[in-house]
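Please find below a short note for a colleague who has not yet worked with this structure. The sequence and the structure come first.

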Amino acid sequence: MDQQLPHSSRASDLLLRRAIAKPLIRLRGISGDLKGKVWEADGLLRAGRLSTLEIVLDDNSVSRKHAEIAFVADTWCVRDLNSTNGTYINGIRIGSEERVVNARDIVQFGKVAMMVEFPEPSNAPNGPSSDQILVEATTSSSWEDGLERLAFDRNNCPRPNELMLALLRAGHHFVSLESEDALLHSILNDAVSVLDAQRGAIVLAEGSDENLQLRALATGRHETVGRFHFSKKLAQRCFARGESILCCSVEEDDELKMAQSIADGAMASVLCVLIRTPRSRLGVLHLDRSYFQKPFTEDDLHLADALAAHVSAGIECAQLLRKSRDLFINTITALAQAVEMRDEYTGGHTARVTNYATLLGEQLQLSHRELELIRIGTPLHDIGKIGIDDAILRKPAKLTDEEFAIMQTHTSKGAAIIQTIPDLHPILPIVRSHHEWWNGTGYPDRLLGEGIPLLARIVSVCDAFDAMTSNRPYHLDRKARPPEVAFDELQRMSGTQFDPRCVEAFLAIRGPVLETMTASRVTMSLKSASAS
């Protein structure tokens, strides 16, 4: 009879299996003649014009040896090989250092764009659940039963004070945190700490098909580095069957111990707990321990199940609020797009200004609420242009003084539109006052200095920067200026047109602003190419 390997030997075997198993990467062409073509490999991929490379690109914007994609330190990375026209990830140019790529990233070699995919092999270890999985214990308790276990364990004994405190604290999160993501991470951090897990994950059912999507990750003091943070197989089984699962001897299950997620994550013991309310199943709380920890027990299973039942109502409320907010944002976006369809100049303008304003707001350390108003209000800062006649709005030449005066009314027209929608009243200052000047000579109200709402001052700087770096038909200088010239102009007008503090903060984030601008231009080019 074979002698069982000690923990250290099993850990070494895990590391060996991790070193052997490389995930496939696939690059799918999305531009030009390469649209739809794919390149797939589990090793090095080199791109360029040379016929000896794995990805041969016959395009003048591509260098002979342009870039390479390699599997490094448990992840796929892209590195530029001193190409002439650069390598980009999601519109941001990279250098010779390795940059990690994720699924659905857009990698661009010169002008040739491709999308990154990670296909599952036909015998994918994280595929559908199997009845052969060795499950030590399950619980199919109702939501009400889970709540009853807050104070008492499965043997009806009172829980220790520290466990009670953790459960109560987890329930407190959803009344004190503003965002769904913050709520999920706080709940998960508590669960990992209380149950002494090396790692935790929350996966929630998303969309009409209820696919489980990773929403939060947390690590404990026993964390082992790896690419996989939960077992899709176990999570899917837990959710599909509506029962919480304990697998405390993974190494004794032939199917689980060879699963890539289990091996790569060094998972020796796993808890999968159903997050549910009386109305629906929401998702799964996944916790694991390593070979160097004691396995989870059935008491741990019931404790985790009680925690999941306790926080599920908060998670459901946060999801409903997010869906309501997303619907609201989609309405805002539709209104902003209505403006851009009428004014050729504003194509991409509102999106860029919104991104710049968000970056500037973060640099100024605005509150979560103020940043939310920027994300909602900035796309609508030019909504009043809906009321400007096409003969003026689309005039391909400098406006007369009378025409320019009419153009200026877009701020008051926009404010009148927003005034009719009570839920949008908080963004009125952005729409009405983003053309006010620090020295009091702006429009429409000639506000002065600190009398101009802060959010309007922020949008004013960002709006002016994008205007200077874009082609404008009704301005004396119709050509876009280089970014550095625009930065200098902002500094020159600081204290006259712009709030000095906002300008100083904007200049401090030159790098992120330029990256955002480049990404926007690349996206617009790809959309134009796709449309043609």
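The points that follow concern a buried acidic residue and a group of aromatic rings.

1. The structure is a predicted model, and the remarks below should be read in that light.

2. D105 is placed in a loop, between strand 9 (99-100) and strand 10 (106-109). Beyond its neighbours within four places in sequence, D105 is in contact with I89, N90, V100, M114, M115 and V116.

3. The charge of D105 deserves attention. The residue is buried yet takes part in no salt bridge. R104 is the nearest side chain of opposite charge, at 8.6 Å, whereas a salt bridge requires a side-chain nitrogen of Lys or Arg within 4 Å of a carboxyl oxygen.

4. Turning to the aromatic residues, the whole structure contains 6 aromatic pairs. In the case of F487 and F506, the ring centres are 6.0 Å apart and the planes meet at 45°, so the pair is classed as tilted. This pair links distant parts of the chain, since F487 belongs to helix 16 (residues 483-492) and F506 to helix 17 (residues 500-508), with their positions 19 residues apart in sequence.

5. Are the two rings' residues, F487 and F506, buried or exposed? F487 has a relative accessibility of 0% and therefore counts as buried. F506 is likewise buried, with a relative accessible area of 0%.

6. The surroundings of F487 complete the picture. One aromatic cluster is formed by Y356, F465, F487 and F506. In addition, R510 places its charged end over the ring of F487, at 4.7 Å from the ring centre.

Technical notes:
Residues are numbered from 1 along each chain as its sequence is written. This is a predicted model: local features need pLDDT of at least 70, side-chain atom pairs count only at pLDDT 80 or more; totals for chains, interfaces and linings use all residues. Side-chain values use heavy atoms; hydrogens and water are left out. Helices (H or I, at least four residues) and strands (E, at least two) are DSSP runs, numbered from the N terminus. Buried means under 20% relative accessible area, exposed over 50%, partly exposed in between (1.4 Å probe, protein chains only). Lys and Arg count as positive and Asp and Glu as negative; His and the chain ends are not counted. Contact means heavy atoms within 4.5 Å. Rings of Phe, Tyr and Trp (its six-membered ring) pair if their centres lie within 6.5 Å; planes under 30 degrees apart count as stacked, over 60 as edge-to-face and the rest as tilted. A charge sits over a ring if NZ of Lys or CZ of Arg is within 6 Å of the ring centre and within 35 degrees of the ring normal.
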